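I opened a fresh page for this one and wanted to look up how the strands, helices and aromatic rings are arranged before trusting my first impression. The entries below follow the order in which I checked things.

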Amino acid sequence: MSKRWSLALASAMITLSVAACGSPGQPGAPAADNGTGAASGGAGAPYKVGLVYSKSGPLASYGEQYRQGLTAGIDYATKGTGAVAGHTIQITEQDDAGDPAKAVASATDLIGQGNTIIAGSTSSGVALQVAPLAKDNKVLFISGPAAADAVTGANRYTFRSGRQTYQDVATAGTILGDVKGKKVTVLAQDSAFGKANIAAVTAILGAKGATVSAVEVPSAATDLTPFATKVKGAAPDLLFVAWAGANATAMWTTLGQQGVFDSTKVVTGLDIKATHALFGEVATKINFLSHFFEGAADNAAYQALDAGLKKQGASVDLFTTDGFVAGQMIVHALEAGGDDVEKMVTSLEGWTFDGPKGSLEIRAEDHALLQPMFTATLKKDGSNVVPQLVDTLDAATVAPPVTPFK
């Protein structure tokens with residue numbers, strides 16, 4: 001079932017109606033009334049955007065953060081009106097539940113309904129299946145939290161509003177020191193996300209002289225003891241953990257029970273707020289690479305994200321920035337191209353702008369989103385743990401290599 005919204009930000013409900021105007025290249029800047037109805041809104045047919053994301057399924061919490069950020073991002077980029085040159089931005093939402101087959105069916109349906117932009121893709125597996133549809137149907141696709149490196153360079157109609165695995169691993173590399181001659185083990189799920197992390201660690205740290213091995217865990221596994229035992233038996237100098245989903249608590253608990261933290265250094269990505277407490281006493285012993293967290297940055301876009309989420313009864317978290325940036329990209333593309341997808345694509349290529357993380361650039365050669373990354377620790381705060389910023393890495397330091405379009 002699909003749901004349509006036109007952006008009433010005060011309620012964050014799935015029906016929103018907004019009207020506004022902006023000038024090309026200046027998202028959200030008010031335009032003069034030139035007789036087209038741009039100043040009063042509602043003169044033109046809506047600009048139709050399809051949103052295919054994980055409203056349900058194992059990554060539903062990530063999907064919800066993305067959707068909330070998207071609402072705030074469109075509000076910010078259109079100065080609270082939700083329209084471009086008199087055309088309301090009409091978003092039709094469909095739930096893929098993290099299933100690539102459902103996502104492809106939903107995206108195909110939305111394209112058939114005349115949506116010239118498809119946004120979403122919480123899951124890497126979904127993004128990799130939707131990207132070819134964008135090329136085949138010549139629509140603009142803006143992937144969200146999906147981290148698989150293969151989304152970058154997929155085709156000239158595919159973009160991303162979040163980070164990619166290479167940037168995660170490159171960030172981890174900055175806190176590992178000299179890894180030459182060291183043993184590195186990657187603990188990951190047997191999924192597109194997990195395999196992308198294994199490939200990235202092998203490529204990046206392996207190139208620096210580390211010996212990289214992997215322990216892959218079926219996504220549906222409930223008994224994680226054999227995998228933790230295997231990790232401990234490998235006696236790595238570094239354990240890089242790449243994990244996403246509902247069984248994260250069980251995974252960390254099992255690693256602790258098997259004494260892995262006593263015998264090796266552990267590095268992982270900082271996940272959503274709801275997961276921070278599950279580390280317990282181990283939390284302060286882990287080095288975290290971070291895509292984003294509350295308080296990681298502070299600029300006008302970050303403040304707008306924070307304010308926009310509070311209107312929805314939410315707060316800044318890991319993937320809220322991905323939605324916010326997608327909103328900025330959608331508005332910029334519509335300002336430049338209207339319903340002309342080729343103009344939309346061209347307008348995004350090479351675009352530099354400020355997102356909640358800081359200065360961002362869409363690399364023209366492959367549509368990688370060049371962006372700052374962070375390192376962090378967790379600090380005890382009463383019975384809770386909260387992230388503490390260690391370092392902000394500039395975009396060039398963690399930039400992935402160019403991946404030519406397929």
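**Aromatic pairs**

I began with Phe353, which is buried, since its relative accessible area is 7%. I kept in mind throughout that this is a predicted model. The ring of Phe353 pairs with that of Trp351, and I noted the pair as stacked, with 3.9 Å from centre to centre and 15° between the planes. Trp351 itself has 10% relative accessibility and therefore counts as buried, the cut-off being 20%.

I then looked up the total and found 6 aromatic pairs. Another of them is formed by Phe293 and Phe374, which I entered as edge-to-face, with the centres 6.3 Å apart and the planes at 70°. Phe293 sits in the loop between β12 and α10 while Phe374 belongs to strand β16, so this pair ties together parts that are 81 residues apart in sequence. I checked the accessibility here as well, and both Phe293 and Phe374 are buried.

**The sheet around β12**

Next I traced the open sheet, which has 7 strands with mixed pairing, in the order β9-β8-β10-β11-β12-β16-β17. Its edge strands are β9 (211-217) and β17 (384-393), each of which pairs on one side only. For the turn between neighbouring strands I noted an average of 25°, with direction ignored.

I went through the pairings of β12 in turn, reminding myself that strands of a sheet pair through backbone hydrogen bonds, either parallel or antiparallel. Strand β11 (residues 265-269) runs parallel to β12 (residues 287-290), and 3 bridges join the two; on this side I found Thr268 bridged to Phe288. Towards strand β16 (residues 373-381) the pairing of β12 is antiparallel, again over 3 bridges. There I found Leu289 opposite Thr375, and Phe288 has Ala376 as its bridge partner in β16.

I also looked for helices lying against this sheet. Helix α5 (residues 192-204) packs on it and touches β8 (183-189), β9 and β10 (238-242), with a direction at about 165° to that of β8. Helix α7 (residues 248-257) packs on the sheet too, where it touches β8, β10 and β11, and its direction makes about 165° with that of β10.

**Helices α10 and α11**

How do the axes of α10 and α11 cross, and within what distance do they come? I found that the axes of helix α10 (residues 300-311) and helix α11 (residues 320-337) come within 11 Å and cross at roughly 110°. Angles of 65 to 115 degrees count as roughly perpendicular, and the two helices α10 and α11 are therefore entered as roughly perpendicular to each other. On the α10 side the contact is made by Ala301, Ala304, Leu305 and Leu309, which meet Thr320, Thr321 and Phe324 of α11. Sorted by class, this contact of α10 with α11 holds 5 nonpolar and 2 polar residues, and no charged ones.

**Positive phi values**

Finally I looked up backbone angles and noted two residues other than glycine with positive phi, the value being near 55° for Ala97 and about 70° for His367. Ala97 lies in the loop between β4 (87-95) and α2 (100-112), and His367 in the loop between β14 (358-362) and β15 (369-370). Is each of them buried or partly exposed? Ala97 has 22% relative accessibility and so counts as partly exposed, whereas His367 is buried, with a relative accessible area of 1%.

Definitions and conventions. Residues are numbered from 1 along each chain as its sequence is written. This is a predicted model: local features need pLDDT of at least 70, side-chain atom pairs count only at pLDDT 80 or more; totals for chains, interfaces and linings use all residues. Side-chain values use heavy atoms; hydrogens and water are left out. Two strands pair if DSSP finds at least two bridges between them. Helices (H or I, at least four residues) and strands (E, at least two) are DSSP runs, numbered from the N terminus. Axes are lines fitted to C-alpha atoms, for helices over the stretch in contact, and angles run from 0 to 180 degrees between N-to-C directions. Angles under 35 degrees count as roughly parallel, over 145 as roughly antiparallel, 65 to 115 as roughly perpendicular and the rest as oblique. Contact means heavy atoms within 4.5 Å. Ala, Val, Leu, Ile, Met, Phe, Trp, Tyr, Cys and Pro count as nonpolar, Asp, Glu, Lys and Arg as charged, and the others, Gly among them, as polar. Rings of Phe, Tyr and Trp (its six-membered ring) pair if their centres lie within 6.5 Å; planes under 30 degrees apart count as stacked, over 60 as edge-to-face and the rest as tilted. Buried means under 20% relative accessible area, exposed over 50%, partly exposed in between (1.4 Å probe, protein chains only).
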